[in-house]
Amino acid sequence: MKQAELLIIVPAFNEAEGIRGVLADIRSRIPDADIVVVNDGSADATAAESAAAGAAVITLSCNLGIGGAVQTGYRYAAERGYRLAAQMDGDGQHLPEEMGRMRLALARSGADMVVGSRFVERRGFQSSRARRMGIALLAGLLTRLLGREVTDPTSGFRLCGPRAIALFASDYPTDYPEVEALVEMDNAGLRCVEVPVVMRERRTGTSSISPFKSVYYMCKVTVAVLIAKTRKKKWSVRYEA
Amino acid sequence: MKLNLYLLSFLLSASFFVVLIYMIRGRKLREQYALLWLALSAIMMTLSLFPSVIDRMARLIGVAYAPSLLYLLGLVFVLFLLLHLTIAMSATTRRVIDLTQTLALLEQRNISADNGCAGQQEEARIKLPCHNTQVFADKSHRTDPGGKTI
């Protein structure tokens, strides 16, 4: 059995309606990658649909939320020794044809992770105004904290190299993990770069973040990021395998 | 009248103690937490037997109205207990997440081994997804539809 170099992790919660099309799209655009769907305790036929589309399926017996689901994918990648692992949403927001450029960027920059950003070139679906404002606030916070430009900290379109896979397999934030994960990487001394990508509006399903939740989202993420930042141990010796 | 009240509070504390012992015997309460509760009930019994202890303590730290010291101690105890429980719950959540992930990964490995196609027979799986599909279709019904995020 020849295992691919790249694993595409697709976390999915109740995405039965569109998952098959999304997976087929990924398979045809990135034929040399393996796909694993992490079914986060869906109540619908997400798992069956994904298996029918030819992806490996990991079904979590209860809903862990996006953080727990994505981490399962990274654990799978680490266990099986994939060199690269990408996470893409199960709703078709992330265009698989961008993966080629992301891989190129990862190889060229020598970074540990590449994040697809909507806001570098501002093309494609740009999200609602309120959301853009929230993202801009978080981006400003992160730019300051990490000391380098971050434009799309909430993007879940990411490609990880071996060191980032190992880090996320052992420790990944829960609840709304994307922003916090960037700080965690920085704490561990890993580097990440952004690549401009075009995103699509979601085709099916609804966003996990409703207007009511977005205030909570901003507070939780801000506090989590600030606390995560204090975890950085500048003085201690870090043991790395 | 006064004596009766103290006797009553002692009886209450003592019965609390007995209930605790029964709970621990029946393994409804882990010893780890039980010790805390046992200590509390011991303190309650002591105070109801020797109420002057509170008065003396109040005088010692300069609290004018002795019973308010009792309230303060009670409140502090409850706060600590709550914090302790939240910490314990966070640890449990972390473990549940870890276990759920490990279980799911093992299950996936098991199923792909059963299929005899640990990822290599794409065509076979597309044509004969029955095994995979069946297993997961059954499972999706069993899953709690309103699955709460931990």
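Of the 150 residues of chain B, 22% count as buried. That figure, like every other here, comes from a predicted model.

**Chain B**

Chain B has six helices and zero strands. Its pattern along the sequence reads α-α-α-α-α-α. The accessible surface of chain B is about 11,100 Å². Carbon and sulfur atoms hold 70% of that surface. What share of the contacts with a separation of 6 or more joins residues 24 or more positions apart? In chain B, the share is 46%.

UniProt, in an unreviewed entry, lists "transmembrane region" for residues 6-23, 35-54 and 60-85 of chain B. Residues 6-23 of chain B are 100% helix and 0% strand. Residues 60-85 of chain B are 85% helix and 0% strand. In chain A, an unreviewed UniProt entry places "domain: Glycosyltransferase 2-like" at residues 8-158. That span of chain A is 44% helix and 17% strand. The table sets out the three spans with their end distances.

| Span | Distance between end C-alpha atoms | Helix | Strand |
|---|---|---|---|
| Chain B, residues 6-23 | 26 Å | 100% | 0% |
| Chain B, residues 60-85 | 32 Å | 85% | 0% |
| Chain A, residues 8-158 | 10 Å | 44% | 17% |

**The second largest pocket**

The second largest pocket has a volume of about 980 Å³. It is lined by 34 residues. Closest to the pocket centre are A:Asp171, A:Tyr172, A:Pro173, A:Thr174 and A:Arg231. Which elements give two or more residues to this lining? From chain A, they are helix H3 (65-80), helix H6 (162-170), helix H7 (177-187) and helix H8 (211-230). From chain B, there is helix H4 (66-114). H4(B) supplies the largest share of the lining, 10 residues. By type, the lining of the second largest pocket divides into 11 nonpolar, 11 polar and 12 charged residues.

**Two positive phi angles in chain A**

Most residues other than glycine have a negative phi. A:Asn14 has a positive phi of about 50°, although it is not a glycine. A:Asn14 sits in the loop between strand E1 (6-12) and helix H1 (16-29) of chain A. Its relative accessible area is 31%, so A:Asn14 is partly exposed.

A:Asp175 is another residue other than glycine with a positive phi, near 60°. A:Asp175 is found in the loop between H6 and H7 of chain A. H6 and H7 of chain A are among the elements that give two or more residues to the lining of the second largest pocket. A:Asp175 counts as partly exposed because its relative accessibility is 30%.

**A:Ser117**

A:Ser117 lies in strand E5 (residues 113-117) of chain A. Is A:Ser117 buried or exposed? A:Ser117 has a relative accessible area of 0%, so this residue is buried. Buried means under 20% relative accessible area.

What does A:Ser117 contact, leaving aside its neighbours within four places in sequence? A:Ser117 is in contact with A:Thr151, A:Asp152, A:Glu194, A:Val195, A:Pro196 and A:Val197. A:Arg144 is 27 residues from A:Ser117 along the chain. The C-alpha atoms of A:Ser117 and A:Arg144 are separated by 18 Å.

How values were computed. Residues numbered from 1 in each chain as written. Chains lettered and ligands numbered in written order. Predicted model: local features only at pLDDT ≥ 70, side-chain atom pairs only at ≥ 80, totals over all residues. Heavy atoms only, no water. 1 Å grid on protein atoms, 1.4 Å probe; cavity = no way out; pocket = protein on both sides within 12 Å on 5 of 7 lines; lining within 4 Å. Points joined across faces, edges and corners; volume = space filled by probe spheres on them. Helix = DSSP H or I, 4+ residues; strand = E, 2+ residues; numbered from the N terminus. Nonpolar A, V, L, I, M, F, W, Y, C, P; charged D, E, K, R; others polar. UniProt positions renumbered as here; feature names shortened; annotations may be inferred. Buried < 20%, exposed > 50% of the residue type's maximum accessible area, 1.4 Å probe, protein only. Contact = heavy atoms within 4.5 Å. Areas by Shrake-Rupley, 256 points an atom, 1.4 Å probe, with all protein chains shown as cover.
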